[in-house]
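Biologist: I am new to this one. Please walk me through the structure, with short answers.

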Amino acid sequence: MSSLYKITVDAPKRQDTLSAPSPITRPTSALSLRSSPFAMAKDKHGNEIVNVGDVRFGFDCRVPIDALRSLYLRPHYVTTADDFGVTEKDQDELHSQFFRSGATDYQSKSIYHPNDNSISYTTLSRFPPVRLVAVSERKRILVTGGAGFVGSHLVDRLMLLGHEVTVLDNFFTGSKTTVSHWVGHPNFEMIRHDVIEPFMIECDQIYHLACPASPPHYQFNAVKTIKTSFMGTLNMLGLAKRTKARFLITSTSEVYGDPEVHPQPEDYWGHVNPIGPRACYDEGKRVAETLTYGFHRQDGVDVRVARIFNTFGPRMNPYDGRVVSNFIIQALKGEDITVYGDGQQTRSFQYIHDLVDGLIFLMNSDETRPVNIGNGDEFTILQFAELVRDLVSKVQAEDGVEMKTHSKIVHKPMPTDDPQMRRPDTRRAKEVLNWQPRWTVKMGIEEMIRYYKAKIAEGSM
């Protein structure tokens, strides 16, 4: 079993290895993750990743990677002794595999009963430790869409940094479970609210993420998607104007459409079908950017625009139609991996921690122009499908799981308006934010495979 890491942000010295608990002999259960998710992570240059984030523009956003992993690579409940012969001491040791030394009290100890497939929920005994920040430095931060995939990871980071965080979400695609470990914390508030309706609060920064982002979700109700992009952005910009808060909107690489320029720089105006099935999202984000700069020029609102390229990581909805989650789930279940068209269309993929770094850097910078945040490593979809299949086989072998069937790659017709090329020109982010991706695609996929394996094992997928 891999060793754990004990990391502190400010201490110049650290304990590189910490003996992991002795393996516990037990039948397969929702907790049977034989390989610790805390395996050493190395960046693209071979350097060990100890912290995510950095100090930029006077804002220290460094967080130990194991502190973040403990929030998403952990079992959500434990089994009872009656079910599997696991003692209370064994349960504590199992929990400690997913937390820093001495932090087992921060784990939810809900009890799963596999005999009748029921679960007894409980609240956290304690919350994960957060940085103690002076009131004068603590920010009041509003995150719309904060219960979604990207939003929940951003919320985790901001909470661990010691700031006051309010989440607005209507839970159309988000889920309370992604941030439930913070509910009740004095620095945290979660509000069910649809951003197309006005909302009043006092805040210093607004991260406006609210909008369905996967094709099945944003095409489910195209008119509502457009309303969310326009009315939601209008309401949040109005709030920023009233409170003098800094406003960051997460736009998208979809504003470039099916690009005729490759890679895509921020000054490329795009090639978008304004009446196609994807237009509700593509044009919705384009008009949201227009609205953002209208408030900036006319009313002096302090704005930031992040154009996000394909991002993946834990907490992605496994059934939202995105290529990474589709491939991993299909491979884990031994199903055929679906590739649309001939698979020669290209995408670039960034891991969630790199994106959150970029968002926080941009929010605290002085850059008001749009900034691409993405990974320049480009794959054909066919290459990516083969990579995922190979990594799933590798992880299953490491865990001692014999795969009954191996996935085949099958081809289906190409969806309408699916772009043929997508890769960011990230020179602006490197120059003005001193940001560039650290996580390799392979490393991120392996971590995401283990996340989905745990979800499948505990019956939540």
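Modeller: Start with a term: a contact means heavy atoms within 4.5 Å. Now the ground rules: this is a predicted model, where local features need pLDDT of at least 70, side-chain atom pairs count only at pLDDT 80 or more, and totals for chains, interfaces and linings use all residues. Residues are numbered from 1 along each chain as its sequence is written, and side-chain values use heavy atoms, with hydrogens and water left out.

Biologist: Among contacts in the protein chain between residues at least 6 apart in sequence, what share joins residues at least 24 apart?

Modeller: The count takes in contacts between residues at least 6 apart in the protein chain. The share that joins residues at least 24 apart is 78%.

Biologist: How many helices and strands are there in the protein chain?

Modeller: Both are DSSP runs, numbered from the N terminus: helices are H or I with at least four residues, strands are E with at least two. The protein chain has twelve helices and 22 strands.

Biologist: What percentage of the residues of the protein chain count as buried?

Modeller: Buried means under 20% relative accessible area, exposed over 50%, and partly exposed in between, with a 1.4 Å probe and protein chains only. The protein chain has 461 residues, and the buried part is 56%.

Biologist: How do the axes of helix 6 and helix 7 lie, roughly parallel or roughly antiparallel?

Modeller: Axes are lines fitted to C-alpha atoms, for helices over the stretch in contact, and angles run from 0 to 180 degrees between N-to-C directions. Helix 6 (residues 222–243) and helix 7 (residues 279–299) have axes that come within 9 Å and cross at roughly 15°. Therefore helix 6 is roughly parallel to helix 7. The classes are under 35 degrees for roughly parallel, over 145 for roughly antiparallel, 65 to 115 for roughly perpendicular, and oblique for the rest, so the label here is roughly parallel.

Biologist: How many nonpolar residues are in the contact of helix 6 with helix 7?

Modeller: Helix 6 residues including Ile-226, Phe-230 and Leu-234 meet helix 7 residues, among them Val-287, Leu-291 and Phe-295. Ala, Val, Leu, Ile, Met, Phe, Trp, Tyr, Cys and Pro count as nonpolar, Asp, Glu, Lys and Arg as charged, and the others, Gly among them, as polar. This contact has three charged residues, six polar ones and, as nonpolar, eleven.

Biologist: At what angle do the axes of helix 8 and helix 12 cross?

Modeller: Helix 8 covers residues 323–332 and helix 12 covers residues 441–457. Their axes come within 10 Å, and the crossing angle is roughly 60°.

Biologist: Which is Lys-244, buried or exposed?

Modeller: Lys-244 lies in the loop between helix 6 and strand 14. Its phi is positive, about 60°, although Lys-244 is not a glycine. Its relative accessible area is 74%, so Lys-244 is exposed.

Biologist: And Arg-315: buried or exposed?

Modeller: Arg-315 sits in the loop between strand 16 (311–312) and helix 8. Phi of Arg-315 is also positive, near 80°. With a relative accessible area of 10%, Arg-315 is buried.

Biologist: Which residue does a cis peptide bond join to His-262?

Modeller: Omega of this bond is about -5°. The partner is found in the loop between strand 14 (246–252) and helix 7. The residue joined to His-262 is Pro-263.

Biologist: Which residues does Thr-338 touch, not counting those up to four places away in sequence?

Modeller: Thr-338 is in strand 17 (residues 337–340). At 14% relative accessibility, Thr-338 counts as buried. Not counting residues up to four places away, Thr-338 touches Phe-327, Gln-330, Val-410 and Lys-412.
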